[in-house]
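Q: I would like to learn how to read contacts, charges and interfaces from a set of coordinates. Could we take one feature at a time, with the general idea before the case?

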2 protein chains.
Amino acid sequence: MASHGARGRSGGRPTLEEVAARAGVGRGTVSRVINGSPRVSDATRAAVEAAVAELGYVPNTAARALAANRTDAIALVVPEPETRFFNEPYFSDMLKGVGSELSDTEMQLLLIFAGSDRERQRLAQYLAAHRVDGVLLVSVHADDPLPDLLTQLEIPAVISGPRSATETLASVDSDNYGGARSAVEHLLSRGRGRIAHITGRLDVYGAQRRVDGYRDALRDAGHAADDRLIEAGDFTEEGGRRAMAELLHRCPDVDAVFAASDVTAAGARQVLREKGRRIPDDVALVGYDDSAIARHMDPPLTSVRQPIEEMGRAMIDLLLTEIADRRPAASRGLERHQAVLATELVERASS
Amino acid sequence: MASHGARGRSGGRPTLEEVAARAGVGRGTVSRVINGSPRVSDATRAAVEAAVAELGYVPNTAARALAANRTDAIALVVPEPETRFFNEPYFSDMLKGVGSELSDTEMQLLLIFAGSDRERQRLAQYLAAHRVDGVLLVSVHADDPLPDLLTQLEIPAVISGPRSATETLASVDSDNYGGARSAVEHLLSRGRGRIAHITGRLDVYGAQRRVDGYRDALRDAGHAADDRLIEAGDFTEEGGRRAMAELLHRCPDVDAVFAASDVTAAGARQVLREKGRRIPDDVALVGYDDSAIARHMDPPLTSVRQPIEEMGRAMIDLLLTEIADRRPAASRGLERHQAVLATELVERASS
DNA sequence: AGGTAGTGTGGGAGCGCTCCCACAAGTGAT
DNA sequence: ATCACTTGTGGGAGCGCTCCCACACTACCT
């Protein structure tokens, strides 16, 4: 608090007013030029731009934010501890997409971790202060209060992976249904007839959609529905082991398994090996995520790839639109904004 | 730009003025309470705090920034592409330290990548706009213009790893000299007598200091200086190979090598193996950084660990001090602010 | 009684912008 | 010549805060 007057009369940064004086125009005109308004004559624009260059003028963000009630910043909120963030390529890819899409914008990206309760507290404060124009929410759990907080604060937000079919927030998702279908169709084309599915946590919407895709692919191929081939997992390796053991016991004749995640597939693989089933000879295996695990598995795992980087880009697109027509989310009614991106089956030796 | 008037008369966020009215005091008094000034009577303070709570008042950051000429935000600038950031645990550890030290502050941390030219451009704009109160600079190269830009803009900054002994910016470093000494002393205590050193890039200050530590440790142990035991490397694996080959050729009797980085040590190890030297039986090996490489090497590599997380904390401490007594860096004269943290030798099977 | 501090408080001025109204000047129809 | 637009421009008002000066009030000295 000591020396408030550090901004010396002379050494201080130039203001709009000074630029205006220099260019021999009014304050409003300079503002228009700065903000790219078309209602400025070419001559005036040139004069102003010259003055800006000469003075090295840079707009004062705080003043702009105060007057215009916007911050030109958006936050990428990661409700996870830093560690996970660094260890999962998901985030790195996402960040790359987000960054690239943002790079021809004036928007600034803030990275905010909210893993601990303390950090969440701070985040809530931060959002309440409206220090960002919008929020990108990745990897939210079903019971997370954050989305509702954002709605309540009327802060534009985009969520990656809708929480349900009736998600109210704008969302970006990969085509879980289509991804599952392509995995199953692939197995069918390889001549497999008894294809099992180890699901993800069924309280996760995406996991549901994968089950739907699995079911429909089989049905459309003329297979009779057989729920004994479906066993619930939870995205974990242990869950994969458990489910695989159960499946083998229940349907010893399975000749293929579609797992809802690579990690789950890894668990399943382990049990298959123990029971003497060869992959892919006896049982073909397909995972989901195309993670490092898939590439390094023995044999390498066929897996469904999600276009994470592209999803990041799509999230920014949606968010910028939301911000542009800054209608409170609640009043938007049914016209929900969402994007669903195609997945890609990466074929490897496991199938 | 369409609807500026989104802040409705009633639904808008409460202002200082409204809190003041509610508490029956003046604007200045509320400001004092908010900012924790001691010159407020207990009764008044209580009344104001009640009003704040009732109204759910949250200060408007933009207004505060404009009036007080500060942003309450600092940036962690990473002059690397995202990829490196995610793959090196260095950054993750650093971030952890920084985050924890910042968590009982009002300061907000921004993570800014400046790997590409384009991103650097944006960063320069960002800094010129003084959108942060201070900057943490990690992993700067010797010829990076960023530090000078910061000095010129009079933005408080702390650099990790000073560029030279006369670094003008505040800096945090690990004790390269002491780390090198401990490595050499360790080798001496293991009975090694012909200890070689593969240096880092000698235009990096820290690498110089490691050479100094190596030299002094030997001298203090009564060994005659022998520069043939020193070979220049460049922190890379290839450099390590090259240097090791040269050393073996020049001094076939070496019985220990202290490498300036784990990666360099990995290169050296490769050549030692090729030449039939056993580690540690024939030649002991010590690296620097205690990275994943060290743990996974065969045999596991003894290495000097730097307290990265602690360094992050120290950087924040320094930066906050710099910001607090916001005297332009130039006027600080000789009283340079710097911290040097102790290293730790992690002993493994390679020595 | 008259000083001389110190303590708590109110509110003016001003931070640098954006928004918008007012208005001048030009253009073309009537 | 008049009216009605359109286009470009200047500048007032106001965003919500912090800083600081002014002032009232107390307390304790001369």
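Q: To start with a single residue, where is Arg131(B) found?

A: A residue is best placed by the elements on either side of it. This is a predicted model, and in it Arg131(B) lies in the loop of chain B that runs between helix 7 (117-128) and strand 3 (134-137).

Q: Which residues is Arg131(B) in contact with, leaving aside its neighbours within four places in sequence?

A: Neighbours in sequence are set aside in such a list, and what remains can be sorted by chain. For Arg131(B) the partners in chain A are Thr61(A), Thr71(A), Asp72(A), Ala73(A) and Gln108(A), while those in chain B are Thr71(B), Ala73(B) and Tyr126(B).

Q: Is Arg131(B) buried or exposed, and how far away is the nearest side chain of opposite charge?

A: For a charged side chain, burial and pairing are read together. Arg131(B) is buried yet has no salt bridge, and the nearest side chain of opposite charge, that of Asp72(A), is 5.7 Å away, whereas the rule for a salt bridge asks for a nitrogen and a carboxyl oxygen within 4 Å.

Q: How many residues of chain A and chain B are in contact, and how much area do the two chains bury between them?

A: An interface can be described by residue counts and by area. Here 43 residues of chain A touch 43 residues of chain B, and the two chains bury about 3,700 Å² between them, with 55% of that area on carbon and sulfur atoms. On the side of chain A, the residues that lose the most area to chain B are Phe86(A), Arg122(A) and Arg131(A), which together account for 17% of what that side buries.

Q: How many salt bridges and how many polar contacts are found between chain A and chain B?

A: The two kinds of pair are counted separately. The rule finds 0 salt bridges across this interface, while the count of residue pairs in polar contact, with both residues at pLDDT 80 or more, is 10. Elements giving two or more residues to the side of chain A that touches chain B are helix 4 (61-68), helix 5 (82-87), helix 6 (89-102), strand 2 (108-113) and helix 7 (117-128) of chain A, and the largest share, 7 residues, comes from helix 4. Sorted by class, that side has 23 nonpolar, 11 polar and 9 charged residues.

Q: How many salt bridges does the structure hold over all chains, and what is the N to O distance between Glu231(A) and Arg242(A)?

A: A salt bridge can be read by its distance, by the separation of its partners in sequence, and by their exposure. The structure holds 52 salt bridges over all chains, and one of them joins the side chains of Glu231(A) and Arg242(A) at 2.5 Å, N to O. This pair links distant parts of the chain, with Glu231(A) in strand 7 (residues 230-231) and Arg242(A) in helix 11 (residues 237-250) of chain A, 11 residues apart. Glu231(A) counts as buried because its relative accessibility is 10%, under the 20% cut-off, whereas Arg242(A), at 41%, counts as partly exposed.

Q: Are Asp203(A) and Arg201(A) buried or partly exposed?

A: Exposure is read for each partner in turn. Asp203(A) is partly exposed, with a relative accessible area of 44%, and Arg201(A) is partly exposed as well, with 34%; their side chains meet in a salt bridge at 2.8 Å, N to O.

Terms used. Residues numbered from 1 in each chain as written. Chains lettered and ligands numbered in written order. Predicted model: local features only at pLDDT ≥ 70, side-chain atom pairs only at ≥ 80, totals over all residues. Heavy atoms only, no water. Contact = heavy atoms within 4.5 Å. Buried area = accessible area lost by both parts, 1.4 Å probe. Polar contact = N/O pair within 3.5 Å; in protein donor to acceptor, adjacent residues only side chain to side chain. Helix = DSSP H or I, 4+ residues; strand = E, 2+ residues; numbered from the N terminus. Nonpolar A, V, L, I, M, F, W, Y, C, P; charged D, E, K, R; others polar. Buried < 20%, exposed > 50% of the residue type's maximum accessible area, 1.4 Å probe, protein only. Lys, Arg positive; Asp, Glu negative; His and termini not counted.
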